Amino acid sequence: NRRTTVELGHVKDTDRIQRRLAQVQDRQHRQQVSSRLGVLFAILLFQVLVAWTYVEYVSPLYGYMGFVSRSVSLPHVAVSIAIGSIPVIWLPLRPNTPSQLLLWVLQILVVCSSCALGPLLPHRGVWETIGWALWNVACMAAVSLVLVLPTMNLTSLHMSAKTGRRVFYGSFLFVFGFLFTKFGWPNPDIALSTAQFRRLEFRVSLEGGGMIAGYLVVWLQTLFAPMAIMSGLCRRRPVFALVGCTAVLWVYMLQGTRTSLIVIPLGLVFWLALSRGASALVYVWGAIALLALSLGTYVATNSLMVLNLVAKRIFVVPGALGAIYFDFFAGGEPALYRDSFGSILSESPYPMEIPSMIGATYLGSAETNANVNVFADAFAQLWLAGLLLPVVLALVFWLLDSVTKRLHIPAVVGSLSLLSLALVNTGSTNWLATSGMAVALGIYWLAGPGLFPVSVDEPNDRRGKAIPIRKTWPSMVDP
């Protein structure tokens with residue numbers, strides 16, 4: 001009888017524990033559903049705001065540049081916006097890796113913009129624009145395959161943290177010194193109004209053998225300078241951060257790329273968001289607030305500068321150019337990379353490079369460098385077979401997570417500020433080569449422990465389960 005009593009008590013305790021676990025799991029499930037519904041509402045609101053901004057402000061002011069609109073069909077726009085919200089179903093609610101943050105950048109700046117603006121441009125019919133919205137969601141699903149891939153602890157080439165740091169800063173100073181020797185100190189002109197003129201002037205200076213210098217200028221802006229800034233902040237070495245800021249200012253004065261000015265504020269925002277564990281809802285509401293602030297500034301001051309740089313350039317251009325590319329290549333031959341490495345196999349059917357062709361056809365000037373986002377570029381290059389390119393992008397994201405797994409993730413994400421925006425303005429191959437993502441992967445792999453060491457008091461939540469290949473990563477803390 002005594003044994004039976006003990007067994008009954010054990011059964012009751014087990015049942016009590018199981019009920020508590022079920023209650024906890026049920027509470028967590030309800031919280032996740034509630035959080036996802038909140039993100040869904042914010043995404044819908046953001047797309048409505050983007051569409052309204054285009055109809056009320058961008059198209060009336062910049063219609064002469066090709067940003068035209070047609071009469072709005074609310075059911076058509078509503079269906080397209082609803083399609084653009086589908087990825088919220090599977091995207092992580094709290095991004096905590098570089099790839100997860102990049103996925104949300106693509107969702108907010110590419111998918112939402114494309115689905116909100118596709119029905120507004122007068123180039124294709126209802127069903128074709130709905131199909132274009134589905135294309136963007138399908139590309140997003142393909143890139144999201146990175147969420148199911150297990151990250152791996154990749155073995156470095158036995159480069160110590162100190163050696164890797166020295167190699168990086170030595171390369172940084174060498175590239176900066178070489179470019180400074182070639183171009184000198186540019187005119188101290190930092191006005192935004194003359195940025196486009198300086199950019200055209202810089203392109204002319206590269207004609208006739210300046211391709212290598214052109215690559216190095218881009219890498220200095222997108223790779224070396226942001227990494228130096230974030231590494232200096234991470235390691236509390238302000239001198240290196242100051243050198244990185246100097247390089248950013250030098251590049252801006254040289255070629256007038258206005259996006260270079262955002263590397264510091266955007267990098268700090270990414271750092272703060274990752275270190276605080278910000279939810280996806282914070283990123284979406286941040287985008288809404290930024291867009292609303294630019295509109296409010298224009299209404300209050302009647303100045304086009306903020307409207308052009310924020311509302312138009314960041315939130316409208318990716319989707320509008322995507323719809324334009326879709327219209328052009330849905331009725332013509334795919335590019336097949338024949339304006340670059342594909343020319344080895346056959347000549348391009350178009351008389352000029354694709355961005356210039358789009359500029360001349362739709363935007364009124366061949367000098368307009370109409371580069372487009374990764375999803376639209378995939379369609380332009382390969383038509384429907386271009387869906388393979390987002391799969392390749394997912395593998396690149398997977399490598400990025402693997403080589404940065406044991407690094408200081410907020411600093412790493414901060415150093416990706418310009419590379420994340422490059423996804424919105426260039427194709428996959430250009431992102432890897434010209435923008436320098438392939439080089440960035442090598443830097444994170446070889447010199448990452450010295451640039452972005454994990455502090456001893458940082459939690460290990462982000463390390464998770466990994467599949468070691470040969471041995472663990474070298475020590476992250478310098479001896």
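In the predicted model, Arg203 is partly exposed, with a relative accessible area of 30%. The residue belongs to helix α6, which spans residues 195–206. Beyond four places in sequence, Arg203 makes contact with Glu367 and Asn369. Its C-alpha lies 8.6 Å from that of Gly214, a residue eleven positions away in the chain.

The protein chain as a whole comprises 479 residues, of which 50% count as buried. Its secondary structure amounts to 18 helices and two strands. Among contacts with a sequence separation of 6 or more, 82% join residues 24 or more positions apart.

Confidence in the prediction was examined along the chain. The mean pLDDT is 87, and 89% of the residues reach 70 or more. Helix α3 (residues 98–117) has the highest confidence, at 98, whereas strand β2 (residues 467–468) has the lowest, at a mean of 44. Over residues 456–479 the pLDDT stays under 50, and the model has 46 contacts beyond four places in sequence for this segment. Where pLDDT is low, the predicted coordinates should not be read in detail.

The nonpolar interior was considered next. The largest nonpolar core contains 145 residues, and those with the most contacts inside it are Phe46, Leu106, Phe375, Phe397 and Tyr444. Leu106 touches two others of these, Phe375 and Phe397. Its further partners beyond four places in sequence include Val111, Met140, Val143, Val374, Leu393 and Leu423.

Two of the residues touched by Leu106, namely Leu393 and Phe397, are also among the buried residues of helix α14. This helix covers residues 388–403 and has 16 residues. From its first C-alpha to its last it reaches 23 Å, close to the 22 Å expected at 1.5 Å a residue. Its buried residues also include Leu389, Pro390, Ala394, Val396, Trp398 and Leu400. Asp401, Ser402 and Val403 are buried as well. An α-helix has 3.6 residues a turn, so residues three or four places apart point the same way. Within the buried set of α14, Leu389, Leu393 and Phe397 follow such a spacing.

Gln381, in helix α13 (residues 374–382), has a relative accessible area of 6% and therefore counts as buried. Its side chain reaches the backbone nitrogen of Tyr337 at 2.7 Å. Apart from residues up to four places away in sequence, Gln381 touches Pro334, Ala335, Leu336 and Tyr337.

Salt bridges were then enumerated, and the count comes to three. In one of them, the side chains of Asp327 and Arg124 meet at an N to O distance of 2.9 Å. This pair links distant parts of the chain, 203 residues apart: Asp327 is in helix α11 (residues 304–330), while Arg124 is in the loop between α3 and α4 (126–143). Asp327 is buried because its relative accessible area, 13%, falls under 20%. Arg124 also forms a salt bridge with Glu128, in which the closest N and O atoms are 3.0 Å apart. Glu128, at 36% relative accessibility, is partly exposed. Another salt bridge pairs Arg338 with Glu333, with 3.5 Å between the closest N and O atoms. Arg338 is buried at 11% relative accessibility, whereas Glu333 is partly exposed at 43%. Through shared partners, salt bridges join Arg124, Glu128 and Asp327 into one network.

Helix α11 also holds Gly322, a buried residue with a relative accessible area of 0%. Leaving aside neighbours within four places in sequence, Gly322 is in contact with Trp132, Val317, Val372, Asn373 and Ala376. The C-alpha atoms of Gly322 and Asp377 are 8.0 Å apart, although 55 residues separate the two in sequence.

A further pairing across the sequence involves Pro449, which lies in helix α18 (residues 437–451). Pro449 is buried, with a relative accessible area of 4%. Between Pro449 and Thr163 the C-alpha to C-alpha distance is 9.9 Å, for a sequence separation of 286 residues.

Note on methods: Residues numbered from 1 in each chain as written. Predicted model: local features only at pLDDT ≥ 70, side-chain atom pairs only at ≥ 80, totals over all residues. Heavy atoms only, no water. Helix = DSSP H or I, 4+ residues; strand = E, 2+ residues; numbered from the N terminus. Buried < 20%, exposed > 50% of the residue type's maximum accessible area, 1.4 Å probe, protein only. Polar contact = N/O pair within 3.5 Å; in protein donor to acceptor, adjacent residues only side chain to side chain. Contact = heavy atoms within 4.5 Å. Expected span 1.5 Å × (residues − 1). pLDDT = per-residue confidence, 0-100. Core = buried A, V, L, I, M, F, W, Y, C linked by side-chain atoms within 4.5 Å. Salt bridge = Lys/Arg side-chain N within 4 Å of Asp/Glu carboxyl O.
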